[in-house]
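Me: I am new to this structure and would like the reasoning behind the labels. Please set each value against its definition.

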Amino acid sequence: MAISEEKKIILAQWLLDPEKQQVVPKDLPTLEAKLKEFGLFVIYETIELPLAPILEEMQKTGIKVDVKVLEKLSKTLAAELNNLEKEIYDKASAPFNINSPKQLSEVLFDRLKIDATGIPKRKTGARSTDVETLLKIKDRHSVVAALLKYRELFKVFSTYVTPLKEFVLASKDGRIHTEFLQTSAATGRLASQNPNLQNIPIMSEWGKKIREAFVPEAGYTMLALDYSQIELRVLASVANDTKMIEAFKEGLDIHKLTAANVFDVPVEKVTSEQRQLAKTLNFGVIYGMGADAFAKTSGINREEARTFIEEYFANFADIKRWHEKTIAAARETGYVENLNGRKRWLPGINTANRRFASEAERAAINMPIQSLAADIIKLAMIKVADWLKKDKLTRQVRMLLSIHDELLFEVANDKLKAVQPKIQEIMESAYTLKVPLKVDVASGKSWAEV
DNA sequence: CGCATACGCGCC
DNA sequence: AAACGGCGCGTTTGCG
């Protein structure tokens with residue numbers, strides 16, 4: 001499948017400047033010369049160009065949705081929301097627009113006189129009404145529990161159930177055809193829109209119910225393969241951290257090992273609380289998290305948070321050095337890049353405004369990790385698609401979705417047993433890091449089951 | 001009336 | 001008080 005010149009131009013322009021900070025050439029020959037000059041031609045030719053027709057094919061394929069499941073869900077939610085609405089008006093002694101944060105904050109803090117001390121202000125000065133705030137004041141008024149429930153259900157109803165129903169009905173073939181965006185994320189990740197199928201709920205009980213609506217075609221089975229801790233593996237490899245590399249090579253529980261190091265206890269003595277804290281630390285390091293954010297998400301005070309972070313960097317010294325090196329390089333050049341040369345310009349990195357500079361520093365830390373993980377899954381998609389074509393399996397195995405570290409397929413039932421380990425193998429060998437890549441596999445009769 | 005913004009929230 | 005990276009999207013609200 002040929003790629004239009006127009007599409008090539010857009011891809012090239014995006015690689016040269018993912019956030020359109022600069023003026024980039026408009027004609028392909030000049031663009032390709034520029035790509036070579038900036039070391040971007042290889043990912044252009046070996047990743048982005050081959051990926052484009054694969055994404056087109058996935059969009060055309062779509063994913064089957066059982067509308068009846070959604071319709072049933074819709075009715076249940078509508079009824080429940082109706083009850084909650086009445087209960088909230090009753091407890092607030094007056095009707096108001098629950099979906100308006102402005103009106104809600106007035107009801108809670110002015111009319112019902114709930115104590116607003118310690119409640120964060122939004123940038124407009126309004127008192128926050130987000131979930132975190134509501135949880136804080138849950139014990140102070142009985143309306144709050146109903147509000148939390150309402151928020152959760154309304155989100156599911158308005159963002160997922162209703163629009164998804166519309167999309168299936170509009171498509172005529174019983175399938176939803178999302179659009180994959182190849183040039184919208186500054187890190188090189190894919191995005192999905194109309195509808196976004198990369199943010200379908202999974203955590204809540206309602207998430208499972210929604211995912212039950214995503215089903216394979218008759219005679220096929222859903223197959224999901226996801227990279228286990230890919231970003232942490234990329235971090236270990238990119239920062240060349242001896243201790244973390246060793247842990248992944250040995251197949252150890254990385255969060256438990258982190259806890260053992262940070263809390264200076266034997267691995268077998270690590271408590272579940274310590275492991276959870278270590279897990280937050282590990283993720284925080286990928287995002288360039290500071291002590292305040294860590295304290296907040298872990299429910300500890302700032303001093304403890306500082307101590308733990310210090311302890312973390314004392315143990316994973318190579319990661320600390322990599323952070324410093326990465327930020328220094330970004331200040332020097334004005335951009336960061338991953339191992340494959342993919343770049344992101346950071347205009348804020350040298351500004352005097354600490355807020356913007358810190359924001360750029362966190363992006364600088366995150367980009368080489370997130371973007372290499374994105375490259376790896378893109379390469380895996382290309383290799384899987386090549387294999388399917390070579391083995392004439394394109395009818396029996398359909399790639400449906402790519403969700404950052406996960407690939408979803410529908411596979412003809414009689415091919416499942418053979419195909420599953422093959423795709424797993426392709427994904428695990430798609431890229432060579434200093435640690436092994438691990439892929440978890442699951443299959444089932446709906447997206448909920450995988 | 002359409003559009004941009006603020007707020008809030010789902011996912012990785 | 002906030003400052004944890006990357007997205008897309010629904011509703012409300014203010015503006016032209």
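The turns below deal with a predicted model and take up the DNA contacts and then one helix.

Me: What makes the side chain of glutamine 103 a polar contact of DNA strand C?
Reply: An N or O atom in the glutamine 103 side chain is 3.2 Å from a phosphate oxygen of DNA strand C. The cut-off for such a pair is 3.5 Å, so the pair counts.

Me: Which other residues have such a pair with a phosphate oxygen of DNA strand C?
Reply: Among them is serine 184, with a side-chain N or O atom at 3.1 Å. Alanine 293 is another, but there a polar backbone atom is at 3.3 Å. Both values lie within 3.5 Å, so both pairs are polar contacts.

Me: How do you know which part of DNA strand C faces the protein?
Reply: Of the DNA strand C atoms within 4 Å of the protein, 78% belong to sugar or phosphate, and the rest to bases.

Me: Which helix gives the largest share of the surface near DNA strand C?
Reply: H16 does, with 5 residues. By class, that surface has 10 nonpolar, 17 polar and 5 charged residues.

Me: Why is the length of H7 called close to the expected one?
Reply: H7 has 29 residues, and the expected span is 1.5 Å times one less than that number, so 42 Å is expected. The span from first to last C-alpha is 41 Å.

Me: Where is the kink in H7 centred?
Reply: The kink is centred on phenylalanine 157 and is about 35 degrees. That value is the angle between axes fitted to the seven residues ending there and the seven starting there.

Notes. Residues numbered from 1 in each chain as written. Chains lettered and ligands numbered in written order. Predicted model: local features only at pLDDT ≥ 70, side-chain atom pairs only at ≥ 80, totals over all residues. Heavy atoms only, no water. Near = heavy atom within 4 Å. Polar contact = N/O pair within 3.5 Å; in protein donor to acceptor, adjacent residues only side chain to side chain. Helix = DSSP H or I, 4+ residues; strand = E, 2+ residues; numbered from the N terminus. Nonpolar A, V, L, I, M, F, W, Y, C, P; charged D, E, K, R; others polar.
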